[in-house]
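Me: I would like to learn how to read the empty spaces in a protein model. Could we go through one together, step by step?

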Amino acid sequence: MIRPLPDASLPLPDADAQAHSAKVVGCVREAIARNGGWLSLASYMQIVLYEPGLGYYASGTRKFGEGGDFVTAPELTPLFARSLAVQVDAIRKGTGARDVLELGAGTGKLAADLLTFLEAPDTAAWRYRILEPSPDLRDRQRARIAKRAPAHASRVEWIETLPSRIDGVVVMNEVLDALPVHVVVRRGDRWYERGVVGVEAFALEDRALGEGALRRLAQTRFPERVDYASEINPAAEALVAGLAQRLACGALLIVDYGFPRHEFYHPQRTAGTLVAHYRHRVHADPLLWPGLCDLTAHVDFTAIAQAGARAGLEIAGFATQAAFLLGCGIVEALRATGAPESIGYVKAASAVQTLLSPAEMGELFKVLALSRGDGFAWPGFAVRDMRHRLGSADSV
Ligand SMILES: C[S@@+](CC[C@H](N)C(=O)[O-])C[C@H]1O[C@@H](n2cnc3c(N)ncnc32)[C@H](O)[C@@H]1O
């Protein structure tokens, strides 16, 4: 059993939050019992993040921004959306299909800003569709878009499942990192999957992993000859494969933190990338305050690119967030925000610094574009395209 010690510096949740977490604990306990005493970390994450009314993303707690647990790029500054809009418009012009589908729209900030910045000729009918599994976040998105982009609110449509055909652009920012992952462990020549056990208190326990898809993937991806634990994310690969199969003409733009495979499964990254976020602190205990902490793993971008390529998409570009935003003109957009001595400019410059700095989001975050169709311009990959680092498109 492995039970990382909780970080003593983490703030204690208030009584209401603790009571909420106790309900989530009850739900996990029932699932462990139903499952014969052991629950995979992927099933545990599904409950603590998405159980209706209880999970981290499915209950009404504040997650985004200063009073929450983490800040995402669109929440930092509208210049993120303004730059992304340059690439989205370039694809929309190339396809002639103007629809946008956003997955996992969070507070609705990116949607409200994109609606404002995207080119919207009066004559052209186009939709901005949002697929968001959390009813609570859907309500917040509706309210935010009505307030921040009222002139465009009628274009927005919330959908429950992926449409059968997609023409246009699919956008997702920090969605794949929020999907439940399996944690596979190799010690010597033995293979295990990590899961959760316990009744009164939970603990992590590794259970022997039989032959099967998960083990085959780990065997192919893990480095040789080191004891190793890391994530496999079939949910992310399946989501991208599903989008790719439906994309008739256009592109997927995927923004997230992560690495190409050789860096993700680096021999020295022996403990994987799964972490928890709570009140702007990162900790390593996935069992601490279930339902109150965000659990997240980095993205294996090679796996995501291959999922798209297997469904016939072209890997159109792969860049660091910094290179992508520079290519989309974020510096010029910053200059246009006002006089350099104005408070507005200084605030915007500080946010842009966070988006671009290699020490913050600039290098760890990447943008991957997967496309079907010809004739698109790719300003986001003009500064630097590192597709070649994703490896071969046809390995597993
Ligand atoms: C870390 S948040 C990012 C929110 C927002 N994109 C942003 O950048 O601020 C993850 C989002 O993905 C959503 N999500 C989780 N699973 C999803 C799925 N299968 N399809 C679409 N969205 C999903 C969550 O509900 C949440 O809105």
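Reply: On a 1 Å grid over the protein atoms alone, a pocket is an open set of points with protein on both sides within 12 Å along at least five of seven lines, whereas a cavity is a set where a 1.4 Å probe fits but cannot get out; lining residues have an atom within 4 Å of a point. A molecule sits in either one if more than half of its atoms lie within 2 Å of its grid points. Here, the largest pocket is the space taken by the ligand. This is a predicted model, in which local features need pLDDT of at least 70 and side-chain atom pairs pLDDT 80 or more, while totals for linings use all residues. Residues are numbered from 1 along each chain, and side-chain values use heavy atoms, without hydrogens and water.

Me: Which residues are closest to the ligand?

Reply: Among the 17 residues that surround the ligand, the closest are Tyr50, Thr72, Gly104, Glu132 and Asn173. For polar contacts, one looks for pairs of N or O atoms within 3.5 Å. A polar side-chain atom of Thr72 lies 2.7 Å from a ligand oxygen, a side-chain N or O atom of Glu132 lies 2.6 Å from a ligand oxygen, and for Asn173 such a distance is 2.7 Å.

Me: What volume does the largest cavity have, and which residues lie nearest its centre?

Reply: Rolling a probe the size of a water molecule over the atoms shows where empty space is left. In this model the largest cavity has a volume, the space filled by probe spheres set on the points, of about 100 Å³. Its lining has 15 residues, with Asn233, Glu237, His298, Val299 and Asp300 nearest the centre.

Definitions and conventions: A residue is near a molecule or strand if one of its heavy atoms lies within 4 Å of it. A polar contact is a pair of N or O atoms within 3.5 Å; within protein, one must be able to donate a hydrogen and the other to accept it, and residues adjacent in sequence count only if both atoms are side-chain atoms.
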